[in-house]
Structure formats: structure tokens, C-alpha cells
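Student: I should like to learn how to read the features of a structural model. Could we proceed one feature at a time?

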Amino acid sequence: MMFYTNIMEMGTTYLWGEKLFMEYYNSKFICKKLLFEMCEGVFSESKKLPRETELAKYLGISRTQLRDVLSKLEREGFITRKLGVGTLINHHVVQVKNRMDIETEFMDIIRNNGYEAEVRNIRVIEDVADDVLAAKLDIAEGTEIIKIYRTCTANGKPVIYCEDVIEKSIIKDEYTSEDFKPSIFNFLLKHCGIKVYMDLTRISAEVSDVTTSRELEVEIHTPLLVMDEIDYDFEGKVIFYSKQYFVSGEIEQTVLRMKLQ
């Protein structure tokens with residue numbers, strides 16, 4: 001399995017949300033590094049991770065940082081921690097290419113499937129919320145919004161089409177359409193100082209219409225996997241609404257369901 005992060009972004013200076021952006025990507029990078037080591041690196045043949053003091057030293061982080069990382073990986077099912085036993089590596093989970101139950105950026109989803117990923121046809125439009133979008137974003141009808149449309153390709157073939165909507169007032173500095181190219185999460189961190197905490201997503205199957213057929217280069221009425229998503233911050237405030245269309249059969253996705261104790 002392959003794990004990716006854009007190291008260059010971590011060294012860039014941003015005027016807004018810089019601290020939040022750096023903290024988020026430092027933590028994300030450490031998680032991905034440890035996942036890589038469990039999948040393909042030094043721990044790929046190990047049943048357990050080393051003790052915390054040894055592992056923290058190996059990763060070059062504090063034990064406090066390490067515990068945060070291990071807690072995240074345990075919540076996501078990659079490891080299991082048991083008192084008196086240690087930290088067990090769940091290799092059957094680590095080897096999964098893509099998890100639908102974990103928020104993963106589109107480019108990483110495509111790369112984890114072994115394809116070259118690219119974003120094209122980015123369009124950013126200023127509009128006002130109608131009654132449907134106002135209800136999704138929990139704002140008043142007529143509020144100024146930003147709509148972002150983009151298509152993601154795998155080896156040049158369109159596989160994901162996405163429509164994101166955010167309230168215009170949360171943006172704190174100037175932006176261009178290129179700022180949305182990495183992901184909406186990058187944009188929210190860098191230009192709004194906002195970190196998404198969770199989302200609720202309705203998964204369904206739909207047939208393509210004129211717009212999605214054009215963007216995904218498929219015949220009209222082609223079956224698509226659709227994810228209708230609302231994202232929230234830590235306090236439960238709606239941050240953005242997203243509707244995503246996946247070409248059926250092109251991207252492998254898996255769901256982990258852990259049993260309640």
C-alpha cells in the first residue's frame with residue numbers, strides 16, 4: 001500500500017491559519033510515516049510496535065505526540081492496544097488500499113489505487129444560497145456562497161467529479177481557483193483557519209445526468225456511486241457541503257466496521 005503527503009506544502013508560509021495548517025500536516029505526516037513503516041517498512045514483519053519510548057525516538061517526536069498518533073490509528077483500526085500485551089499491528093487493515101470510512105483526499109485515493117492522479121476543470125463560482133443549499137449549510141437563504149467544481153483523473157481518465165459549497169464569509173484572504181486544486185481541506189486550513197472535525201455522508205447510487213456525463217466522460221444514465229456529505233467543525237458547526245460522484249468499478253473502496261464492546 002502507498003501513502004502520500006505533499007512535503008513541500010509543509011514548508012510553505014501562509015498568512016492565515018499557518019499554525020493550524022502546520023500542526024495538521026505535521027500530525028498527518030507522522031501518521032502516514034508510521035502507516036508506511038507498518039505496511040512496507042521496518043515494522044512490516046512485526047506483530048507489535050516497539051515500546052512508546054523507542055517508537056517516539058525512532059519517529060523523532062515526543063511521547064505526547066506519539067500517544068495522539070497512536071490514539072488516532074487505534075480509532076481507525078490500524079492498531080490495537082492492550083494492557084500488558086502492547087500495541088498490536090492489524091496488518092489485514094493496514095494493507096487495505098482505500099477506506100471509505102476514513103476521510104481521504106481524492107488524489108490520495110487515486111494514487112493508492114496505483115494510478116497517476118490529476119485535477120482538471122476547476123471552476124469557482126460566487127453565488128447565493130437557495131433554499132436547498134441554505135438548509136445543507138445551516139445558513140439563511142440568500143447568503144453569499146462559493147461553489148467549487150472539479151474533476152479528478154486516474155491516468156488521464158476522469159473517475160471522480162466533485163461539487164463543494166462553502167459560505168463566502170469564512171474566507172479570510174484573497175484566493176484563486178488554483179488554491180482549491182490540492183483539496184478543500186487544504187483551502188479551509190490555509191485561507192479560513194478552519195479544521196474539519198467530522199462529516200456525515202449519505203451514500204447512494206444514481207445514474208449520470210448531462211453534467212456528470214460530460215465531466216466523467218460517460219454515457220448518460222451510467223450508474224455512479226454518490227456521496228452526499230456535510231462537514232462539521234469540533235463544535236458541530238457546518239463548514240461545507242459536498243456532493244461527489246465516482247465512476248463505478250474504477251476506484252476500490254473498503255469500509256471497516258468495528259464491533260462495539
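Tutor: Let us begin with helix length, bearing in mind that this is a predicted model. A helix is expected to rise 1.5 Å a residue, so the 13 residues of α4 should span 18 Å, and the end C-alpha atoms of α4 are indeed 18 Å apart.

Student: Which residues of α4 are buried?

Tutor: The general idea is that an α-helix has 3.6 residues a turn, so residues three or four places apart point the same way. In α4, the buried residues are Leu-66, Val-69, Leu-70 and Leu-73. They lie on the same side of α4, because the arc they cover around the axis is only 100 degrees. Thr-64, Asp-68 and Arg-75, on the other side of α4, are exposed. After α4 comes Gly-77, which has a positive phi, near 85 degrees.

Student: How should one read a nonpolar core?

Tutor: In soluble globular proteins, nonpolar side chains tend to be buried together. Here the largest nonpolar core has 22 residues, and those that touch the most other members are Leu-34, Met-38, Leu-49, Leu-55, Leu-73 and Phe-78. At least two residues of this core come from each of α2 (18-39), α3 (52-59), α4 (63-75) and α5 (91-94). With six residues, α2 gives the most to this core.

Student: Leaving aside neighbours within four places in sequence, with which residues is Phe-78 in contact?

Tutor: On that basis, Phe-78 is in contact with Leu-35, Met-38, Leu-73, Leu-88, Ile-89, Asn-90, Val-93, Val-94, Arg-99 and Ile-102.

Student: Arg-99 appears in that list. Is Arg-99 buried or exposed?

Tutor: A residue is called buried under 20% relative accessible area. Arg-99 therefore counts as buried, with a relative accessibility of 7%. Arg-99 belongs to the loop between α5 and α6 (106-112). Apart from neighbours within four places in sequence, the contacts of Arg-99 are Glu-76, Phe-78, Val-93, Thr-104, Gln-253, Thr-254 and Leu-256. Gln-253 is 154 residues from Arg-99 along the chain, yet their C-alpha atoms are separated by 5.7 Å.

Student: In what order do the six strands of the open sheet run?

Tutor: One reads a sheet by following its pairings from edge to edge. In this open sheet the order is β3-β4-β5-β8-β7-β6, with antiparallel pairing. β3 (117-128) and β6 (198-207) are the edge strands, each pairing on one side only. From one strand to the next, the twist averages 15 degrees.

Student: How many bridges join the neighbouring strands β4 and β5?

Tutor: Strand β4 (residues 144-154) pairs with β5 in the antiparallel sense over 10 bridges, and Ala-154 has Lys-157 in β5 as its bridge partner. Seven bridges then join β5 (residues 157-167) to β8, again antiparallel; there Ile-160 is partnered by Phe-246. Between β7 (residues 223-232) and β8 there are nine bridges, also antiparallel, and Asp-231 stands opposite Phe-240. β7 and β8 make up a hairpin, with five residues between them, and Gly-236 in the turn has a positive phi of about 90 degrees.

Student: Why is strand β8 described as largely enclosed by the rest of the structure?

Tutor: The description rests on burial: 10 of the 10 residues of β8 (residues 238-247) are buried, so the strand is largely enclosed. Helix α8 (residues 184-192) lies across β4, β5, β7 and β8, and runs at about 160 degrees to β8.

How values were computed:
Residues numbered from 1 in each chain as written. Predicted model: local features only at pLDDT ≥ 70, side-chain atom pairs only at ≥ 80, totals over all residues. Heavy atoms only, no water. Buried < 20%, exposed > 50% of the residue type's maximum accessible area, 1.4 Å probe, protein only. Helix = DSSP H or I, 4+ residues; strand = E, 2+ residues; numbered from the N terminus. Pairing = 2+ DSSP bridges. Core = buried A, V, L, I, M, F, W, Y, C linked by side-chain atoms within 4.5 Å. Contact = heavy atoms within 4.5 Å. Axes fitted to C-alpha atoms, helices over the stretch in contact; angles between N-to-C directions. Expected span 1.5 Å × (residues − 1). Arc of directions from axis to C-beta.
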